[in-house]
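This report describes how two protein chains are arranged and how they meet. Please view the sequence and the structure before reading on.

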Protein chains: 2
Amino acid sequence: MSSKRFSGVLAPVITPFKEDLSPDAQRLAAHCQWLVNQGVGLAVFGTNSEANSLSTDEKIDLLDQLIASGVDPALMMPGTGSCSLTDCVRLTAHAVKRGCAGSLMLPPFYFKPVSEDGLFAFYAEVIERVASPDLKIYLYHIPAFTGVPIVVPLIDRLVKSYPENIVGIKDSSGDWGNTKAYNAGGWPDFRVFCGSESLLLQNLQHGGAGCISATANVNPAAIKALYNNWQTAEAEKMQQQLNPVRNIFQSFPMIPALKAATSLYSDDPNWRRVRPPIMTMSDDQVSEMQSQLEALGFDMPELSG
Amino acid sequence: MSSKRFSGVLAPVITPFKEDLSPDAQRLAAHCQWLVNQGVGLAVFGTNSEANSLSTDEKIDLLDQLIASGVDPALMMPGTGSCSLTDCVRLTAHAVKRGCAGSLMLPPFYFKPVSEDGLFAFYAEVIERVASPDLKIYLYHIPAFTGVPIVVPLIDRLVKSYPENIVGIKDSSGDWGNTKAYNAGGWPDFRVFCGSESLLLQNLQHGGAGCISATANVNPAAIKALYNNWQTAEAEKMQQQLNPVRNIFQSFPMIPALKAATSLYSDDPNWRRVRPPIMTMSDDQVSEMQSQLEALGFDMPELSG
């Protein structure tokens with residue numbers, strides 16, 4: 001069973017857009033291959049992928065194109081959550097059918113407050129409609145964006161009802177006490193990912209499975225190196241070295257900052273584009289970020305020629 | 001120009017579901033016709049329509065079926081907002097093409113905080129892609145659900161850039177100061193709707209256009225009567241009579257309460273169904289609500305045989 005569950009480091013893969021703001025499957029596939037070469041998994045259609053700015057049709061089409069171009073679905077944990085039951089079922093079923101090893105599933109995030117019974121009913125309905133032992137759901141706790149927290153009693157009820165389908169969670173609250181509580185849940189082989197590498201060492205020390213972090217788009221190898229070496233004497237130092245890079249990106253709007261860095265280090269201005277309501281960073285902001293990154297000796301190897 | 005803009009009372013029409021939770025177009029059309037007979041307009045696909053639990057395909061299909069069954073699109077202001085630029089453009093363009101007189105447009109509500117520039121860019125992109133003088137957008141301020149407020153400076157910028165397309169707003173904040181500020185915006189023929197009939201008289205006295213209220217699904221004629229008579233000596237008394245009905249529905253979870261009442265008065269248990277994460281009310285809750293409504297002498301004429 002374990003072998004079918006994720007551990008390690010995954011990137012919520014940023015989504016490149018063409019001039020008309022349609023998704024650019026070719027650039028996305030190339031970025032996915034680069035990330036895989038750097039040792040991280042692919043949480044495509046995450047928050048930092050601007051997935052909620054895409055339609056379900058666009059996501060299905062992108063997933064098909066990625067797989068057709070050779071990206072391995074066994075390394076993919078696409079975001080398949082939606083406010084809409086129909087969309088969530090459709091995209092999740094498609095991801096399972098195409099062999100994706102997991103689905104990162106936002107709760108329905110329009111109505112609030114919603115009851116624990118209502119959230120349970122939503123996930124149960126999705127699981128029963130997808131109806132596949134290959135469905136591996138990673139719940140997604142990101143209350144600042146959803147307003148709909150995933151609380152321990154809900155997880156407990158879901159894991160007990162669907163032990164083969166509810167296999168982990170991503171905690172993007174940034175609240176270590178909450179991540180710790182997930183790790184202490186006592187659910188067999190339940191995979192807890194923190195949403196930032198700044199908590200990675202702590203998470204692993206408490207039984208966590210890894211991290212799914214925005215900055216794994218730009219700094220994958222170093223984050224993965226900490227994951228690989230967390231039980232060594234070097235781990236604390238490696239964690240300390242990751243934090244300044246994270247802090248730079250966090251001091252700018254995250255999505256345009258990730259795209260600006262990718263654009264800079266690949267010398268490809270197309271990477272700058274975002275869909276509204278996200279806005280690109282100004283040239284001044286990009287220069288400022290670049291100076292800060294260069295002062296740290298930051299690089300994106302292979303991209304930077 | 002005026003004649004093409006909404007005023008009066010509209011219901012965010014509740015959406016009936018079949019046993020498999022697919023939308024029931026026939027029951028929806030019948031409820032729409034009942035609402036029209038009671039004198040109110042049709043804000044289908046609103047919050048209380050559970051529209052965010054439907055896919056864009058389901059909404060397009062429902063809209064087509066409603067129109068095919070004789071519901072007048074000139075009375076319809078469908079909710080066409082979405083987090084996804086693509087979905088918003090697609091549904092809005094379809095509604096315009098089918099002759100709907102307006103679109104009630106949520107902001108993209110996943111990312112937060114979003115900048116005013118980002119929201120402006122989103123609406124601008126939608127308007128430019130739909131590219132029709134028949135596009136009449138009513139903005140939708142419902143911060144408790146979206147976390148993305150529609151502030152006066154944003155409206156000002158949108159109205160000045162797109163005076164023929166940005167024609168009004170629904171204020172579901174329940175904050176009278178905010179509704180008042182919208183009415184004081186000074187934008188030519190801008191239509192301000194409050195989100196509850198409890199503010200209807202006040203809104204009309206300050207130049208507002210009417211209300212788009214959940215309880216217009218169940219108490220349409222009385223709300224419309226206040227609208228028709230707001231300048232008479234009876235108005236204050238009529239407002240006072242509306243409030244107790246509103247208060248009963250508000251004391252239960254709104255969507256299941258509206259559906260339970262419709263089910264009771266039409267003697268049709270099919271109306272009870274909701275999509276998760278919304279949950280139906282228990283039979284005990286329904287009985288309690290029924291007793292309270294009967295104590296007020298409440299009725300849904302024509303539905304109740």
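## Symmetry of the two copies

A turn of 180° and a shift of 0.0 Å along the axis lay chain B on chain A with an RMSD of 0.0 Å, the copies being superposed by least squares on the C-alpha atoms of residues with pLDDT of at least 70 in both. The two copies are thus related as by a two-fold rotation axis. Both copies use the same surface, since 100% of the contact residues of chain B recur in chain A.

This is a predicted model, in which local features need pLDDT of at least 70 and side-chain atom pairs count only at pLDDT 80 or more, while totals for chains, interfaces and linings use all residues. Residues are numbered from 1 along each chain as its sequence is written, and chains are lettered from A and ligands numbered from 1 in the order in which they are written.

## The interface

In chain B, 30 residues are in contact (C-beta atoms, placed from the backbone, within 7 Å) with 31 residues of chain A. On the side of chain B that touches chain A, at least two residues each come from α2 (56-68), α3 (85-97) and α4 (116-130) of chain B. The largest share, six residues, is supplied by α4(B). Helices here are DSSP runs of H or I with at least four residues, and strands are runs of E with at least two, numbered from the N terminus.

## Helix α9 of chain B

Helix α9 (residues 220-228) of chain B has the buried residues B:Pro220, B:Ile223, B:Lys224, B:Leu226 and B:Tyr227; buried means that 20 or more other C-beta atoms, placed from the backbone, lie within 10 Å of the residue's own. They lie on the same side of α9(B), because they cover an arc of only 155° around the axis, taken from the directions from the helix axis to the C-beta atoms. The cover over these buried residues includes β1 (8-11), α1 (25-37), α8 (200-205), β7 (210-212) and α10 (235-250) of chain B.

Key
Contact = placed C-beta atoms within 7 Å. Buried ≥ 20, exposed ≤ 12 C-beta atoms within 10 Å, placed from the backbone.
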